[in-house]
Amino acid sequence: NLLSVAFEEGEAPAGTVVLTFSGGAGMRPDVECVHAPLRDVVPRRAARHKPGHALDDAPAGYPSIRSATQERAPTHVLILPILFEERLAGVMEIARLSPFNDKERALLTQLCFTIGVMIHSLAATQRTEELLEEARMTAEELQRNEEELKTQQEELQASNEEMEEKNNALAEQNALISKQTDDLLRSNQLVQEKMRAVERADRYK
């Protein structure tokens, strides 16, 4: 069984695919990445409906296979769907100079299955990271709002305390004025009483 797939970069666009199997077996095929023209879409569409689609006669204009010593046009192309739970996640297209045998096709089919699982896992991980980032941003925004509300409450409380101090000072001032008014009225009353007493004394002289 295929356990893992890894890619080791070499001199662009080449590299090595590292296939690890159960029991300690492994393969390290050297590959070279090629770009397939978008006009060759018919075989790719076929991959949606078939387990595998082999072309024994590569289309004209198909990218060449290059090596250190030569460059040749491929003669055989194998197109395999990369699926996860019956959903197409991609298409693997492999070109070579000789036909693919059943063992190779089975190995590549299992490889596509593993890649489909990896793509799904990466997409799920990315979505989880996005949700965590959204949750973090929401929490930070909530914390900022709470801090702003707390600041507003503190400012309102300080304003109320200042208003209460002013009201208390005004009440004390009003009480002082009222006391001074009462004292003045009593003084006036005493003066008037003394004046009336003097007038009565003058009458009896």
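A salt bridge, as I will use the term today, is a side-chain nitrogen of Lys or Arg within 4 Å of a carboxyl oxygen of Asp or Glu. With that in mind, we can look at one such pair straight away: the side chains of Lys-166 and Glu-162 meet in a salt bridge, with N and O at 3.7 Å, a distance that counts because it lies within 4 Å. I should say at once that what you see above is a predicted model.

Let me step back to the whole chain before returning to pairs like that one. The chain has two helices and nine strands, and when we read along the sequence these follow the pattern β-β-β-β-α-β-β-β-β-β-α. The chain holds 205 residues, of which 18% are buried. Its accessible surface comes to about 15,900 Å², and carbon and sulfur atoms account for 54% of that surface. If we take the contacts between residues at least 6 apart in sequence, 36% of them join residues at least 24 apart.

Now to helix H2, which covers residues 102–203 and so has 102 residues. From its first C-alpha to its last, H2 reaches 150 Å, which is close to the 152 Å expected at 1.5 Å a residue. At the start of this helix, a side-chain oxygen of Asn-101 comes to within 3.2 Å of the backbone nitrogen of Lys-103. A little further along, we find buried residues in H2, namely Leu-108, Leu-111, Cys-112, Thr-114 and Gly-116.

Where do Leu-108, Leu-111 and Cys-112 belong? They are part of the largest nonpolar core, which has 10 residues and also takes in Val-17, Leu-19, Leu-78, Leu-80, Ile-82, Met-92 and Phe-100. The elements that give two or more residues to this core are strand S2, at 14–21, strand S8, at 76–84, and helix H2. As a general remark, in soluble globular proteins nonpolar side chains tend to be buried together.

Strand S8 deserves one more comment, since His-76 has its place there. Is His-76 buried or exposed? At 13% relative accessibility, His-76 counts as buried, because the cut-off for that word is under 20%. The side chain of His-76 also makes a polar contact, at 2.8 Å, with the side chain of Thr-75.

That brings me back to charged pairs, and a search of the whole structure finds eight salt bridges. In general, side chains of opposite charge can pair when their charged atoms come close. In the pair I opened with, Lys-166 and Glu-162 are four residues apart in helix H2, and therefore about one helical turn separates them. Glu-162 is partly exposed, with a relative accessible area of 44%.

Two further examples have the spacing of four residues in H2. The side chains of Glu-140 and Arg-136 meet in a salt bridge at 2.4 Å, N to O, and these residues, four apart in the helix, are separated by about one helical turn. Glu-140 counts as partly exposed at 32% relative accessibility, and Arg-136 likewise counts as partly exposed, at 38%.

Asp-183, for its part, forms a salt bridge with Lys-179, where the closest N and O atoms are 3.2 Å apart. Why are Asp-183 and Lys-179 separated by about one helical turn? They are four residues apart in helix H2, and, speaking generally, an α-helix has 3.6 residues a turn, so residues three or four places apart point the same way. Asp-183 counts as partly exposed at 27% relative accessibility, whereas Lys-179, at 52%, counts as exposed. Finally, salt bridges that share partners join Glu-133, Arg-136 and Glu-140 into one network.

Conventions:
Residues numbered from 1 in each chain as written. Predicted model: local features only at pLDDT ≥ 70, side-chain atom pairs only at ≥ 80, totals over all residues. Heavy atoms only, no water. Expected span 1.5 Å × (residues − 1). Buried < 20%, exposed > 50% of the residue type's maximum accessible area, 1.4 Å probe, protein only. Polar contact = N/O pair within 3.5 Å; in protein donor to acceptor, adjacent residues only side chain to side chain. Contact = heavy atoms within 4.5 Å. Areas by Shrake-Rupley, 256 points an atom, 1.4 Å probe, with all protein chains shown as cover. Core = buried A, V, L, I, M, F, W, Y, C linked by side-chain atoms within 4.5 Å.
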